[in-house]
Amino acid sequence: MRILIKVFIFLFLTNQTIAKENFMILKLKDGDVKIELFDDVAPKHVERIKTLANQGMYDNVVFHRVIDGFMAQTGDVKFGNSSSKDFDLNRAGIGGSNLPDLKQEFSSLPHERGTLSMARSSPPD
């Protein structure tokens, strides 16, 4: 548990992203993570991620949920941005951006280790 808290604090203080072309670079203290975005699979979501990243909206956004060995969730630019007046760790994960919600773009791609996905609430649209 102590390691998980340290990882959370580390990510909380260092999460910054840069979107260029169809790659996103997640800048972490221990190095960069290069993420490939598939605009042929989810074009509207890729466009949204790139728009928000290029506006700096993901800078200082915390990982609000981490399950060691399974997944980490981040991306709440409303309540999860530690440099925003709206930052609220208890609400991080339920906010969004000021842009309209997107329709679902489900695919048949498997969720293998290293896959980046968008979380959704019910109903999917």
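**View 1. The hairpin of strand 4 and strand 5, with Gly69 at a positive phi.** Three residues lie between the two strands of this hairpin, in which Gly69 takes a positive phi near 80°. Strand 4 comprises residues 63-67 and pairs with strand 5 in the antiparallel sense over four bridges, two strands being counted as paired if DSSP finds at least two bridges between them. Phe63 has Thr74 in strand 5 as its bridge partner. Strands here are DSSP runs of E with at least two residues, and helices are runs of H or I with at least four residues, each numbered from the N terminus. The model is predicted, so that local features need pLDDT of at least 70 and side-chain atom pairs count only at pLDDT 80 or more, whereas totals for chains, interfaces and linings use all residues. Residues are numbered from 1 along each chain as its sequence is written, and side-chain values use heavy atoms, with hydrogens and water left out.

**View 2. The surroundings of Asn81, in the segment after strand 5 (71-74).** Asn81 has a relative accessible area of 10% and is therefore buried, a class that means under 20% relative accessible area, with exposed meaning over 50% and partly exposed in between (1.4 Å probe, protein chains only). The side chains of Asn81 and Ser83 are joined by a polar contact of 2.7 Å; such a contact is a pair of N or O atoms within 3.5 Å, of which, within protein, one must be able to donate a hydrogen and the other to accept it, and residues adjacent in sequence count only if both atoms are side-chain atoms. When neighbours within four places in sequence are left aside, the residues in contact with Asn81 are Met57, Asp59, Asn60, Val61, Asp76 and Phe87, contact meaning heavy atoms within 4.5 Å.

**View 3. Ile49 in helix 2 (residues 43-54).** With 9% relative accessibility, Ile49 counts as buried. Beyond its neighbours within four places in sequence, Ile49 is in contact with Met24, Leu37, Tyr58 and Met118. Of these partners, Met24 is 25 residues from Ile49 in sequence, while the C-alpha to C-alpha separation of the pair in space is 8.8 Å.

**View 4. The two salt bridges of the structure.** A salt bridge is a side-chain nitrogen of Lys or Arg within 4 Å of a carboxyl oxygen of Asp or Glu. One joins the side chains of Lys27 and Asp32 at 3.2 Å, N to O, and Lys27 is partly exposed at 30% relative accessibility. Another joins the side chains of Lys85 and Asp86 at 3.3 Å, N to O; here Lys85 is exposed at 77% relative accessibility, whereas Asp86, at 33%, is partly exposed.
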